[in-house]
Amino acid sequence: MLSPAESEALWLSLSVAARAVVINLPFAVMVAWLLTRKRFAGRTLFDAFVHLPLVLPPVVVGYLLLVLFGVRGPIGGWLHEQFGIQLAFTSNGAALATAVMSFPLVVRAIRISLENVDSRLEEAARTLGAGAFDRFTSITLPLIAPGILAGAITAFAAGLGEFGAVITFAANVPGETRTLPLALYTALQTPDGDTLAARLAILSLSLGLAGLLVSELLSRALRRRLGR
Amino acid sequence: MLRVELRKRRGDFALDAGFSAPTPGVTALFGRSGCGKSTLISLIAGLLEPDAGRIVIGEDVLFDGERGLSIDARHRRIGVVFQDPRLFPHLSVQGNLDYGARRVPRGASRFVSFDDVVGLLGLGGLLGRRPHELSGGEKQRVAFGRALLSQPRLLLLDEPLASLDLARREEVLPYLESLRDAFAIPIVYVSHQFDEVLRLATRVVLLDAGRTVADGDIAAVSRDPQLRAIVGPDSVGAVLSGHVERLDPNGLAVLRVGDAELNVELEGAAVNQRIQIQVLARDVIVASARPVGLSVRNVVSARVISVTPDAGRAVLVELDIGRTATLLARITARASEELGLSANKEVWALIKAASLRGHVFSVPAR
């Protein structure tokens, strides 16, 4: 049904988006918790910084990543020297760029469910002998699970389509960083690529729709388990 | 024994209160809304940090402002039941009950068993349910069980019935009574309903505007003018305690209170049980001579201790009925004058048996 190039782009997209979600989640939970539960100096600035990828042109994000994580960048250089890890122009780099772009979406989803967690439940847990980390894992985390799940699926679906930041930071390498949108873009640049472009567009559309549906169904099931 | 002496300032509100609660037994913290009862509970539980003072349970110091010592709430081993049940929605009833039980520190004495709690609170049929499938009363019962299974050294109940309607309250109260009688831990019960206090507590701490204004046996506090001011003239009445001397075949129980015998309507009572009753001051009639030919069951010989002006055109007469037992009678000033009531006058107090409702305590008060 799919040509080798098409399925390569599809699997690469799925893999990059999945890796981006994995990178995202621990940080997003941490940041969302900081933003809802802690009052600290510079909180508003921090909040704005977290949301920057929503308003910046993706090319700018890709460019900044190139500056920081490029082989000669301060972080990328260190990673390359110490561990031989290269991010720019690799599929891991595509995952990082996708993660940064979808980070605010995940933080938002988790934050909303954190705000709905009754902190008096954590208080009750404390009187029952639970320490801070114990309270977080046994009470808070299960209660925000629907939010985490919703955030993860939205980020995954959005990650399938990340274009600007990926092409800027990770370039358009077939089999390495040429995900669905990049393949679509390439097809459009090629004479006689119209059919391929249309097929890839339909593929992206179905994937996005499926992602959103699954997200809704799963969070409904989870909410029912929590009795809301 | 719990001993508390605490100071805390929060905005305009200053709390400066102290009391002690014996083991076992229920000590009621009683006062108007906003008098600092719940703040005091949060301070004892360790959810709020006092400015100064001490909290001691038995030999263990939980807080000492002078030494800068403060044990974290999670290590205090104090069970707390709040106004709202605060059950964990993602856990079943069983999971909620196990939550505290799993976190009891190693080596801590375990005096409450899972089966005892489930039996006592009637939770057997609920274990597999989720909190949202429970009624308000059932939720609160699970909250009691969860707190007990954390093997607490002290149980703090912060208006646990306040969120329930009257019918649910009546449904939960018997469970609280059996809980009180089953376990040898001090219980501090916060309430602004005196009928709950009467049913459960043997000691009362009266709080007003953040200060302890009275602290003692419920009988003594029931005659305190400060309590009268809080409950209002219609609810004023001496609390008496006595033992069931014999059961009348007509369904009345005969209580020995002071030197007097009182007939009380009491279902399911047994001889020698300890009973607590409140005789409302408005239900007591004072006579200067022993009356005859009346339906009233209780005619008690008494001696006037004092006559003090009360709300409206009434006076409150304090009556000695022997062995430090005291009645309060609210009568009109005019009647008092006609009877010539003054200290040391011998009179008769008349109380309808039907106006008395006894509450059974199976553990004797200390």
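In this predicted model, the axes of helix α3 (residues 58-69) of chain A and helix α5 (residues 91-115) of chain A come within 10 Å and cross at roughly 130°. Because of that angle, α3(A) is oblique to α5(A), and α3(A) passes α5(A) in a right-handed crossing.

On the α3(A) side, the contact is made by Pro58(A), Val61(A), Gly62(A), Leu65(A) and Phe69(A), while α5(A) contributes Leu96(A), Ala97(A), Val100(A) and Met101(A). Sorted by class, the contact of α3(A) with α5(A) holds eight nonpolar residues, one polar residue and no charged residues. The polar one is Gly62(A), because Gly is counted among the polar residues in this classification.

Chain B offers a second feature, an open sheet of five strands whose order is β14-β13-β12-β15-β21, with antiparallel pairing. The edge strands of this sheet are β14 and β21 of chain B, each of which pairs on one side only. On average, and with direction ignored, neighbouring strands of the sheet are turned by 40° against each other.

The strands of this sheet for which residue ranges are listed here are as follows.

| Strand | Residues |
|---|---|
| β13 of chain B | residues 252-257 |
| β14 of chain B | residues 260-265 |
| β21 of chain B | residues 358-361 |

How many bridges join β13 of chain B and β14(B)? The two strands pair in the antiparallel sense over six bridges, and the bridge partner of Ala253(B) in β14(B) is Val264(B).

Technical notes:
Residues numbered from 1 in each chain as written. Chains lettered and ligands numbered in written order. Predicted model: local features only at pLDDT ≥ 70, side-chain atom pairs only at ≥ 80, totals over all residues. Axes fitted to C-alpha atoms, helices over the stretch in contact; angles between N-to-C directions. Helix = DSSP H or I, 4+ residues; strand = E, 2+ residues; numbered from the N terminus. Parallel < 35°, antiparallel > 145°, perpendicular 65-115°, else oblique. Left-handed = near helix turned anticlockwise from the far one by under 90°. Contact = placed C-beta atoms within 7 Å. Pairing = 2+ DSSP bridges.
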